[in-house]
Amino acid sequence: MRFYSVIILAIFFWSSASATDTLEVQINLRSIQNNSIACTIKFPTLKKGKLRVVFPTYVPGSFNEIYPGNLIQNLVGIIDSNHVVSPVKTNLNSFEFENPNGINTIKYNAKLSWKEDISKHGIFPQLGTTLKDENYFLLNFGAILPFIEGKEKLPIKITIEKEAVYNGFSPLFKISSVTDIEIYFAKNYLQLIDNPILFSTKAEIVFRAGSTRFHCLSNAYGNLSEQAILKTLKPVCEGVVKFCKTLSVKDYYFFILLVDSGEILESANEENYGAVQHSASSVMVLKNYSDPYKIQSEIQQTASHELFHLFEPLNLKTDATSKLNVKAKLPTEHLWLFEGVTEYFSLLMQWREDLITQAEFIQEMRNKISLMQFFEPFSLTEKSSESILTGNETYYRNFYYKGCIAAMMLDLRLLELSQGQLNLQELLLRFKKSMNENYVVKDEELISELIKISSFNELHEFFSKHISGTEPFDFNKYLGLVGWAYEPLKEDTAKLYIDASFRYEKGSKNVYVTNINIDQLGLEEGDVLLKINRKKVYKDNVEELMEKVSSINSGKNVMFSVLRKGKEVKLSGKPLIVNKSQRNVIKVEKRPTPEKRFYRNTYRSGQLNTGKPYRMLN
Ligand SMILES: [Zn+2]
């Protein structure tokens with residue numbers, strides 16, 4: 001479904017608020033010079049004290065410090081529309097006027113962050129501002145607008161002048177839109193910096209999943225059609241809504257920016273690309289790969305992860321995290337949980353909904369185990385509390401690894417303790433139910449609260465050993481429950497025809513070859529695997545078929561059939577005989593015991609055993 005921006009004239013909105021209790025922001029996107037835009041803020045004059053103009057050090061959705069103050073030039077105060085006064089810059093993000101007398105306007109130029117050195121301002125592309133050749137314009141207000149100290153709670157009216165071809169896309173309320181001016185409304189400063197705007201010439205994609213309406217706008221649709229983006233996003237949204245039962249937002253906005261190299265200054269290397277989650281939107285900045293499957297896969301992973309942040313308590317709601325303070329962040333012990341469980345649920349949902357295969361799910365977990373081992377041993381609780389301190393950022397990344405693995409082990413432990421009657425998803429659903437709307441759990445009580453709701457005191461040991469403590473997981477102890485076996489190092493000799501990933505696409509049921517490292521057959525990125533030695537390839541047998549032909553004892557010649565540009569192509573070749581050594585192997589037992597099969601099915605489906613516990617069935 002598509003629709004174009006509608007012109008809404010809601011002048012009545014302003015009849016109740018006089019100009020004196022509102023901030024008025026004016027931004028002119030039509031006169032961009034030297035990579036900077038002109039901004040004006042009008043506000044009620046201060047009666048006494050100093051007038052402080054402060055840019056945020058923290059913005060919603062990120063734990064990184066930012067210095068938008070470094071992007072600001074020629075900031076002045078204005079009295080009676082002609083008398084100009086200059087402030088003193090008191091620190092990287094603050095400007096101060098000694099005497100507020102009569103100042104009711106400030107003016108300045110803000111540099112666009114994408115083209116400025118990120119080491120100076122610290123603003124990740126997804127939190128920044130850019131203009132791409134009259135094509136799109138991303139506006140994150142935290143990167144260009146300050147608050148006036150003491151006026152943070154006032155409503156803000158934002159008037160943006162732009163070229164007529166652009167349409168603004170934002171969760172912010174649009175008061176009016178005429179050809180070259182759009183006017184938005186924010187309840188207060190915090191709401192303003194939590195809601196970006198993307199100006200683009202493209203049309204918005206809208207669809208519904210559960211009771212939430214999803215909106216999506218991409219800057220370019222890169223190498224993807226709108227239809228392809230819709231096909232990628234919709235099943236993810238449906239899967240998340242199903243998993244979480246319901247989402248707390250009525251409308252949710254995806255900003256998808258596909259960028260070519262050079263669009264962002266090189267100092268912002270690709271590690272800084274990614275996504276940021278706001279209360280009603282997420283902004284993704286992704287590489288515009290020439291291979292559409294790669295973009296689709298990135299969008300799928302990113303959208304799923306970001307949406308799971310809406311699942312309480314994964315939306316960072318403890319007393320430490322729920323109050324956003326733009327000047328300082330309070331440490332929380334549970335960053336590993338907020339990021340790790342989010343990442344884990346995101347993968348688990350995709351597997352359950354067939355958006356990824358079991359082999360892809362296991363591969364992700366193996367990668368995470370390998371990555372987390374570089375940092376071991378460390379305490380998740382301790383590193384969570386410390387990671388917002390400058391210099392500890394590396395650990396944040398690790399919450400996606402060890403935090404995710406810890407979540408998986410916790411999930412399996414819960415299944416075991418409850419004999420299939422409780423899993424981590426159900427525990428968090430119960431937790432959510434137990435919280436009244438405005439109740440905020442104390443940071444140090446979150447874990448004990450969760451354990452209490454689970455009714456399994458045994459979990460105290462799990463948390464003290466592996467979460468606050470540094471004891472490594474005995475993976476076999478946990479994975480064994482579902483008949484998966486872990487080996488830290490596996491060495492064997494194999495006939496290698498191909499080393500690549502196989503990506504399953506639910507819509508078409510195709511298995512694509514992607515990320516090719518070694519190829520002895522003449523495969524191409526994006527080939528669809530049809531047959532291996534006359535056996536038809538399905539999502540569930542591809543790994544097994546590959547294993548068979550790679551076995552050093554296999555005497556058969558190999559013949560691959562692939563679909564390439566609509567035509568079936570037959571490929572064969574001579575294998576490389578290699579000594580393969582693989583780290584952190586997870587193998588799925590072929591013939592699990594009935595008990596393991598029971599747990600495996602429960603784990604895979606998420607369908608809890610609501611009757612009697614498993615052992616009673618024996
Ligand atoms: Zn996240």
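Here are legends for a handful of close-up views of this predicted model.

**View 1. How confident is the prediction along the chain?**
Averaged over the chain, pLDDT comes to 86. Some 88% of the residues reach 70 or more. Residues 1–19 are a stretch to treat with care, since pLDDT stays under 50 there. For that stretch the model has 31 contacts beyond four places in sequence.

**View 2. Which protein atoms hold the zinc ion?**
Look for two histidines and a glutamate: the donors are NE2 of His305, NE2 of His309, and two OE atoms of Glu339. They lie 2.1 to 2.7 Å from the zinc ion. Along the chain, the donors follow the spacing H-x3-H-x29-E. Why is the arrangement called irregular? The four donor atoms subtend angles of 51 to 140° around the zinc ion, while a tetrahedral label would need all angles between 85 and 135 degrees.

**View 3. Are the zinc-binding histidines buried or exposed?**
Zooming in on the two side chains, start with histidine 305, which has a relative accessible area of 6% and is therefore buried. Histidine 309 comes out at 8%, so it counts as buried too. The cut-off for that word is under 20% relative accessible area.

**View 4. Valine 558 sits in a loop.**
The loop in question runs between helix α15 (542–550) and strand β28 (560–564). Even so, valine 558 is buried, because its relative accessibility is just 5%. What does valine 558 touch, leaving aside its neighbours within four places in sequence? Its contacts are Tyr497, Leu521, Asn533, Val549, Leu571, Ser572 and Gly573. Take leucine 571 from that list: it is 13 residues from valine 558 in sequence, and the two C-alpha atoms are 8.5 Å apart in space.

**View 5. Eight strands make an open, mixed sheet.**
Reading across the sheet, the order is β6-β5-β9-β3-β2-β13-β16-β15. The edges belong to β6 (83–85) and β15 (173–178). Each of these has a single partner strand, so one side of each is left without a neighbour in the sheet. On average, neighbouring strands of this sheet are turned by 20° against each other, direction ignored.

**View 6. Strands β3 and β9 pair up inside that sheet.**
Here β3 (residues 36–42) meets β9 (residues 103–111). The two pair in the antiparallel sense, over seven bridges. Which residue stands opposite alanine 38? Look across to β9 and you'll find asparagine 109.

Key. Residues are numbered from 1 along each chain as its sequence is written. This is a predicted model: local features need pLDDT of at least 70, side-chain atom pairs count only at pLDDT 80 or more; totals for chains, interfaces and linings use all residues. Side-chain values use heavy atoms; hydrogens and water are left out. pLDDT is the predictor's confidence in each residue, from 0 to 100. Contact means heavy atoms within 4.5 Å. Donors are N, O and S atoms within 2.8 Å of the metal (3.2 Å for Na, K and Ca); water is not among the atoms, so sites may look incomplete. Four donors count as tetrahedral if all angles lie between 85 and 135 degrees; four count as square planar and six as octahedral if opposite donors are over 155 degrees apart and all others between 65 and 115; anything else is irregular. Buried means under 20% relative accessible area, exposed over 50%, partly exposed in between (1.4 Å probe, protein chains only). Helices (H or I, at least four residues) and strands (E, at least two) are DSSP runs, numbered from the N terminus. Two strands pair if DSSP finds at least two bridges between them. Axes are lines fitted to C-alpha atoms, for helices over the stretch in contact, and angles run from 0 to 180 degrees between N-to-C directions.
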